[in-house]
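This report concerns aromatic contacts and internal cavities. Please consult the sequence and the model shown here while reading.

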Amino acid sequence: MRTLKLASLTALAAGVMMAGSAMADPITIKFSHVVAPNTPKGQMAEKFKELVEESSVGDQVDVEVYPNSQLYGDDQVLEAMLLGDVQLAAPALSKFQKYTKQLQVFDLPFLFKDMDAVERFQNSETGQKLLTSLEPKGLIGLGYLHNGMKQLSASEPLRVPSDAAGKKFRIMTSDVLEAQFEAVDAAPLKKPFSEVFMLLQTDAIDGQENTYSNIYSQKFYEVQPYITESNHGLLDYMVVSSARFWNGLPDDVRPVVKKALDQAIAYGNDIAAKENQDAKQAIIDSGKSEIIDLTPEQRQQWVDAMKPVWDQFSDEIGQDVIDAARAANNEG
């Protein structure tokens with residue numbers, strides 16, 4: 001009997017040790033994104049990892065960053081997140097249309113006059129409510145991350161809308177962006193970001209839209225002889241997690257991780273504008289791509305051609321959301 005009791009106590013102690021070991025296992029946060037480490041998003045992700053490591057929960061949380069679509073493209077990452085394969089991502093706002101139509105507001109062409117207007121709208125009551133619009137679908141928006149205003153690149157000069165007619169442009173998965181290019185009689189093609197360079201290099205497409213930092217870091221400028229500085233749209237991201245994972249974090253861990261994330265987002269946003277300016281200058285210095293500056297009259301032609309897209313999607317987005325975004329242009 002004594003032997004049995006001793007064996008039972010030994011087994012119980014081993015079980016407690018195993019349970020303690022299991023509890024001590026670090027929480028892994030896989031942060032998946034599609035761009036290079038030297039982009040604003042890439043630098044933000046690395047800063048987040050660094051801040052978590054230096055924080056009070058650094059021994060409890062292990063952040064793994066996977067850039068350049070190493071794990072998933074933006075078209076697959078949200079589904080992977082809902083399955084628990086990824087814990088953090090920052091897809092372009094265009095990628096959320098299957099989860100909420102309201103975020104399509106950020107894809108409307110020529111809606112925001114500059115990044116200051118974008119910032120005002122995102123920090124407004126309406127902008128903050130959009131972060132929570134994903135919760136019914138199991139996702140939680142944790143913040144907005146800037147990349148910047150988009151430019152048009154192409155194999156031929158684009159100065160007026162008719163120059164785009166008949167040309168094939170890669171777009172993200174977005175009905176608004178599809179309508180935007182159809183408005184100038186171009187042919188939009190929804191393709192993964194990881195395939196864009198090859199598509200451009202092989203002339204499978206004629207052009208694409210992106211920020212200067214992405215055009216430079218992904219070397220699109222090496223295979224696109226013309227870049228039109230249109231500032232026609234916004235390329236921003238939403239840092240997102242699954243509701244199940246985020247709400248399941250221990251109460252003493254979640255606020256520390258959120259603080260690190262907020263600081264990393266602020267860091268990424270601070271460098272986004274500088275990254276785009278530096279990338280633009282690097283492209284100019286390379287001599288491989290000509291940057292076309294539109295005259296006010298030429299730009300107005302693009303605005304007139306694309307602005308009807310606003311009305312096309314007002315019912316899906318909500319006219320009140322569009323009006324709030326427009327109002328942000330007039331503040332400050």
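In this predicted model, three strands, β5 (168-171), β7 (207-210) and β8 (226-242), each contribute at least two residues to the lining of the largest cavity. That cavity has a volume of about 140 Å³. Its lining consists of 16 residues, of which Ala 92, Arg 170, Met 172, Phe 193 and Leu 235 are the closest to the centre. By character, the lining comprises eight nonpolar, two polar and six charged residues.

A search of the whole structure finds two cavities of 30 Å³ or more. The second largest cavity is lined by Ala 92, Leu 93, Ser 94, Phe 106, Asp 107, Met 172, Leu 234, Leu 235 and Asp 236. The table sets out both cavities.

| Cavity | Volume | Lining residues by character |
|---|---|---|
| Largest cavity | about 140 Å³ | eight nonpolar, two polar, six charged |
| Second largest cavity | about 40 Å³ | six nonpolar, one polar, two charged |

Aromatic contacts form the second topic. The structure holds eight aromatic pairs. The rings of Tyr 216 and Tyr 221 are stacked, because their centres lie 5.3 Å apart and their planes meet at 20°, under the limit of 30 degrees for stacking. Tyr 216 is partly exposed, with a relative accessible area of 32%, whereas Tyr 221 is buried, at 7%. Elsewhere, ring pairs join Phe 106, Phe 112, Phe 121 and Tyr 144 into a cluster; Phe 106 also belongs to the lining of the second largest cavity.

Two lysines place a charge over a tyrosine ring. The charged end of Lys 41 sits over the ring of Tyr 237, 3.6 Å from its centre. For Lys 47, the charged end sits over the ring of Tyr 267, 4.6 Å from its centre.

Terms used. Residues are numbered from 1 along each chain as its sequence is written. This is a predicted model: local features need pLDDT of at least 70, side-chain atom pairs count only at pLDDT 80 or more; totals for chains, interfaces and linings use all residues. Side-chain values use heavy atoms; hydrogens and water are left out. Rings of Phe, Tyr and Trp (its six-membered ring) pair if their centres lie within 6.5 Å; planes under 30 degrees apart count as stacked, over 60 as edge-to-face and the rest as tilted. Buried means under 20% relative accessible area, exposed over 50%, partly exposed in between (1.4 Å probe, protein chains only). A charge sits over a ring if NZ of Lys or CZ of Arg is within 6 Å of the ring centre and within 35 degrees of the ring normal. On a 1 Å grid over the protein atoms alone, a cavity is a set of points where a 1.4 Å probe fits but cannot get out, and a pocket is an open set with protein on both sides within 12 Å along at least five of seven lines; lining residues have an atom within 4 Å of a point. Grid points are joined across faces, edges and corners, and a volume is the space filled by probe spheres set on the points. Helices (H or I, at least four residues) and strands (E, at least two) are DSSP runs, numbered from the N terminus. Ala, Val, Leu, Ile, Met, Phe, Trp, Tyr, Cys and Pro count as nonpolar, Asp, Glu, Lys and Arg as charged, and the others, Gly among them, as polar.
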